[in-house]
Amino acid sequence: DRMLMLNDLKDNYQNLYPDEKKIYDSRMIGISVQDMNESEVRAATTGIIFKISVICGCQVPTNELHIDALEQEFMVFLKEYGYDYLTVEEIITAFRMNANFRLPEKIETYGALFNIDYASKVLKQYSTKRYQLDNKLSDVYREMETQKILAEEENNRRLKIINQFQHIANVAYHS
């Protein structure tokens, strides 16, 4: 039994709600943070923090040491607190969704400096929504697989009946 892949579920894409499509689409763009090397993660982190500041209106530090510390802590946060399975696009999508009231609870920054506490609150809500989508898609996938198996069994029963009927007809014809 092979592992269920996101691509297996694309047949159900048209049945997704707009927010679910955004989550699905952002998962399909790029690779997860855990699959990046150190310099890719560093470059991605810089870009993520900059884009988030534009999306949410929070300030980004201007002091070089503060910027480096923020980027370093954000990388540690993503890796050590279980958010490195996300792609860069997903992280940005999470903040877009928060800005548009598309997560269960809107997290406000009120113009404060971008910080790990803010990021964790947004990504926790996004992850919950993503997990719900995973469950929905795997339920749909299991249902499709069950329907395929049932259809196969039904077809096999029909073929068996046809074969028995033909066998009886042949025996009667030849007697």
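**Figure 1. Cys56 sits in helix H2, which covers residues 38–56.** The model shown here and in the views that follow is a predicted one. Leaving aside residues up to four places away in sequence, Cys56 touches Thr109 and Tyr118. Look for Asn98 as well: 42 residues separate Cys56 from Asn98 in sequence, and their C-alpha atoms are 8.4 Å apart in space. Just after H2 comes Gly57, with a positive phi near 80°.

**Figure 2. Helix H2 has a buried side and a face turned away from that side.** The helix has 19 residues, and its first and last C-alpha atoms are 27 Å apart, close to the 27 Å expected at 1.5 Å a residue. Which residues of H2 are buried? They are Val41, Ala44, Thr45, Ile48, Ile49, Ile52 and Ser53. Viewed down the axis of H2, these buried residues fall within an arc of 165°, so they line one face of the helix. Their packing partners are helix H3 (64–80), H4 and H5. On the face turned away from the buried side you will find the exposed residues Ala43, Phe50 and Val54.

**Figure 3. Helices H1 and H5 cross at roughly 95°.** Their axes come within 10 Å. With that crossing angle, H1 is roughly perpendicular to H5. From H1, the contact is made by Asp19, Glu20, Ile23, Tyr24, Ser26 and Arg27. H5 brings Tyr126, Lys129, Arg130, Leu133, Asp134, Lys136 and Leu137 to the contact. Keep an eye on Arg27, Asp134 and Arg130 from this list, as the next two views return to them.

**Figure 4. A salt bridge joins Asp134 to Arg27.** As general background, side chains of opposite charge can pair when their charged atoms come close. In this pair, the closest N and O atoms are 2.4 Å apart. Asp134 belongs to helix H5 (residues 116–174) and Arg27 to helix H1 (residues 18–27), and the pair links distant parts of the chain, 107 residues apart. Is Arg27 buried or exposed? Arg27 counts as buried because its relative accessibility is 16%, under the 20% cut-off. Asp134 is partly exposed, with a relative accessible area of 24%.

**Figure 5. Arg130 and Glu90 meet through their side chains in a salt bridge.** The N to O distance is 2.6 Å. Arg130 lies in helix H5 while Glu90 lies in helix H4 (residues 88–99), so this salt bridge ties together parts that are 40 residues apart in sequence. How does each partner fare for accessibility? Arg130 is buried, with a relative accessible area of 11%. Glu90 counts as buried too, at 0% relative accessibility.

**Figure 6. Asp117 and Lys121 form a salt bridge within helix H5.** Their closest N and O atoms are 3.1 Å apart. The two residues are 4 places apart in the sequence, about one turn of the helix. Asp117 is partly exposed, with a relative accessible area of 46%, and Lys121 also counts as partly exposed, at 41% relative accessibility. Elsewhere, salt bridges that share partners join Asp19, Arg102 and Lys129 into one network. How many salt bridges turn up in a search of the whole structure? The search finds 13.

**Figure 7. Phe101 has a positive phi, near 55°.** This is worth a look, since most residues other than glycine have a negative phi. Phe101 is a residue other than glycine, and its place is in the loop between H4 and H5. Phe101 is exposed, because its relative accessible area of 59% is over the 50% cut-off.

**Figure 8. Ser32 lies in the loop between H1 and H2.** Buried or exposed, which is Ser32? At 8% relative accessibility, Ser32 counts as buried. Which residues does Ser32 touch, not counting those up to four places away in sequence? Its contacts are Asp84, Tyr85, Leu86 and Thr87.

Terms used
Residues numbered from 1 in each chain as written. Predicted model: local features only at pLDDT ≥ 70, side-chain atom pairs only at ≥ 80, totals over all residues. Heavy atoms only, no water. Contact = heavy atoms within 4.5 Å. Salt bridge = Lys/Arg side-chain N within 4 Å of Asp/Glu carboxyl O. Buried < 20%, exposed > 50% of the residue type's maximum accessible area, 1.4 Å probe, protein only. Expected span 1.5 Å × (residues − 1). Arc of directions from axis to C-beta. Axes fitted to C-alpha atoms, helices over the stretch in contact; angles between N-to-C directions. Parallel < 35°, antiparallel > 145°, perpendicular 65-115°, else oblique.
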